[in-house]
Amino acid sequence: MHSPIKPIALTLFKSGMKEYRALVADVNVMGSVSGWDLARPVREREPTFPVIYMTGAAADDWASQGVPNSILLQKPFAPAQLVTAISQLLNQVPPTRE
């Protein structure tokens, strides 16, 4: 289990000082919070917020750990793949609520 220490990215997101459009999270970053842990509170606050995970070894965990409607990029990947993933999520039409 990871420590409850908040990463700077999450603090900035929650502050509302700047409008962010997507989250790119490395699943196995060095430190106390994983990419999985970072994306969950972001999605709790904004359920359709675009999330792109990147990993070299944790791809098998995406189905159980990742948030819905996210994309996983396996390392190594070309920069164009990241641009394509962000574009895909930013341009998808969110589901309508009835």
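**Exercise 1.** Is Trp 36 buried or exposed?

*Solution.* Keep in mind that this is a predicted model. Start with the relative accessible area of Trp 36, which is 7%. Buried means under 20%, so Trp 36 counts as buried. Next, look at who sits around it. Leaving aside residues up to four places away in sequence, Trp 36 touches Val 27, Tyr 53, Ala 58, Asp 61, Trp 62, Gln 65, Gly 66 and Leu 72.

**Exercise 2.** Find which elements give two or more residues to the largest nonpolar core.

*Solution.* First, the core itself: it has 16 residues, and those with the most contacts inside it include Trp 36, Val 42 and Tyr 53. Now go through the elements: helix 1 (8–15), strand 1 (23–26), helix 2 (35–45) and strand 2 (51–55) each give two or more. Helix 2 gives the most, with four residues. Apart from this core lies another one, of five residues, including Ile 52 and Leu 89.

**Exercise 3.** Sort the aromatic pairs by their geometry.

*Solution.* There are two pairs to sort. Take Phe 13 and Phe 49: the ring centres are 5.1 Å apart and the planes stand at 70°. Over 60 counts as edge-to-face, so that's what this pair is. Phe 13 belongs to helix 1 and Phe 49 to the loop between helix 2 and strand 2, so the pair ties together parts 36 residues apart in sequence.

Then take Trp 36 and Tyr 53: with centres 4.7 Å apart and planes at 55°, the pair is tilted. Here Trp 36 in helix 2 meets Tyr 53 in strand 2, so parts 17 residues apart in sequence are tied together. Tyr 53 is buried too, with a relative accessible area of 0%.

Key:
Residues are numbered from 1 along each chain as its sequence is written. This is a predicted model: local features need pLDDT of at least 70, side-chain atom pairs count only at pLDDT 80 or more; totals for chains, interfaces and linings use all residues. Side-chain values use heavy atoms; hydrogens and water are left out. A nonpolar core is a set of buried Ala, Val, Leu, Ile, Met, Phe, Trp, Tyr and Cys residues joined through side-chain atoms within 4.5 Å. Buried means under 20% relative accessible area, exposed over 50%, partly exposed in between (1.4 Å probe, protein chains only). Contact means heavy atoms within 4.5 Å. Rings of Phe, Tyr and Trp (its six-membered ring) pair if their centres lie within 6.5 Å; planes under 30 degrees apart count as stacked, over 60 as edge-to-face and the rest as tilted.
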